[in-house]
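This report examines the interior of one protein model. The sequence and structure are shown first.

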Amino acid sequence: MTRYALRAASVAAALGLWQLLTSLNVDLWLRFSQFPTVADVARTFADRLAGDDYWTDLTDSLTRIVTGFLLAAVVGVATGVLVARSRLAEDLLGPVLEVVRPIPAIALVPVAILLFPSNEQGIVFITFTAAFFPVMVSTRHAVRALAPGWEEAVRTMGGGRWRILASVVLPGALPGIFGGLSVGLGVSWICVISAEMISGQYGVGYRTWQDYTVVDYPGVFVGMATIGVLGWATSTAVELLGRRLTRWLPRTSYVPAGRPRTAGLRTAAAVRRPPEPAASAAGTGTEPEGARDEHLV
């Protein structure tokens, strides 16, 4: 509860500082007199909530981001595993991917306009491209970093290629995959908002740009706050899903004194042999071997 209170206090302090600087029209180097106050933004936000356009924009942006991101997650993970596991795939796909990867996704807006028959499909394509490369690269590195002994153990027990993929490759690469998903989701939000500003008809980005063109600065800040909340909510959902699927990993917690503590982790030596009696340890002035192993961990 203390941590949540500190987080709420930090947000309240930031909003209070914003209200103070804008209400006093502070102009030192940064021109806060041009900014709307927190009260102005709150009133505009309340008016938007009462209308239908705000919810239409919200639904359109979420539909675009979810569609493009899910496609990028599936295709990115499959491509990353394929390139990491197959030399032929790496030779065929690797050069093309590495040439296209440095191109910003938002720079592909003209290509999307020419390639797809509707703006909606073009925006989904931009969102997909933005998330695809972080997911693909993270998956590729995670698969290549797997210990070869795990795969050899499965082969020794008679497991085939698909068994290795399901039991070793995908579970072992999950932490890296979800790292790429988190990065890809953030980049997707940046690109989908930019694409809506350029070629969209509805959406949070489109509405924010329209407010800017008509000099409705409180409306601009309402759009920015909406984008921030949506990005935080979707990133939190991905993070929670990643924790759920990787709950078998050891979690490190920290005691108040600052010493790391790993819960539920026992060494193989401690499992194989029982600890020595405390009397013998006290008599010799040394710790039992199991206790020494636990201390090292």
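The nonpolar core, the enclosed space and one loop residue are described in turn.

The model is predicted: local features need pLDDT of at least 70, side-chain atom pairs count only at pLDDT 80 or more, and totals for chains, interfaces and linings use all residues. Residues are numbered from 1 along each chain, and side-chain values use heavy atoms, without hydrogens and water.

The largest nonpolar core (buried Ala, Val, Leu, Ile, Met, Phe, Trp, Tyr and Cys residues joined through side-chain atoms within 4.5 Å; buried means under 20% relative accessible area, with a 1.4 Å probe and protein chains only) has 48 residues, of which Ile126, Leu181 and Trp189 touch the most other members. Two or more core residues come from each of the helices (DSSP runs of H or I, at least four residues) in the table. Helix H8 gives the largest share, 14 residues.

| Helix | Residues |
|---|---|
| H3 | 52-85 |
| H5 | 109-115 |
| H6 | 119-144 |
| H8 | 161-199 |
| H10 | 217-245 |

The largest cavity (points on a 1 Å grid where a 1.4 Å probe fits but cannot get out; lining residues have an atom within 4 Å of a point) has a volume, the space filled by probe spheres set on the points, of about 60 Å³. Its lining includes Ile126, Val109 and Ala195. H6 supplies the largest share of this lining, four residues.

Thr37 lies in the loop between helix H1 (2-23) and helix H2 (38-49). Thr37 is buried, at a relative accessible area of 13%.

Definitions and conventions:
Buried < 20%, exposed > 50% of the residue type's maximum accessible area, 1.4 Å probe, protein only. 1 Å grid on protein atoms, 1.4 Å probe; cavity = no way out; pocket = protein on both sides within 12 Å on 5 of 7 lines; lining within 4 Å.
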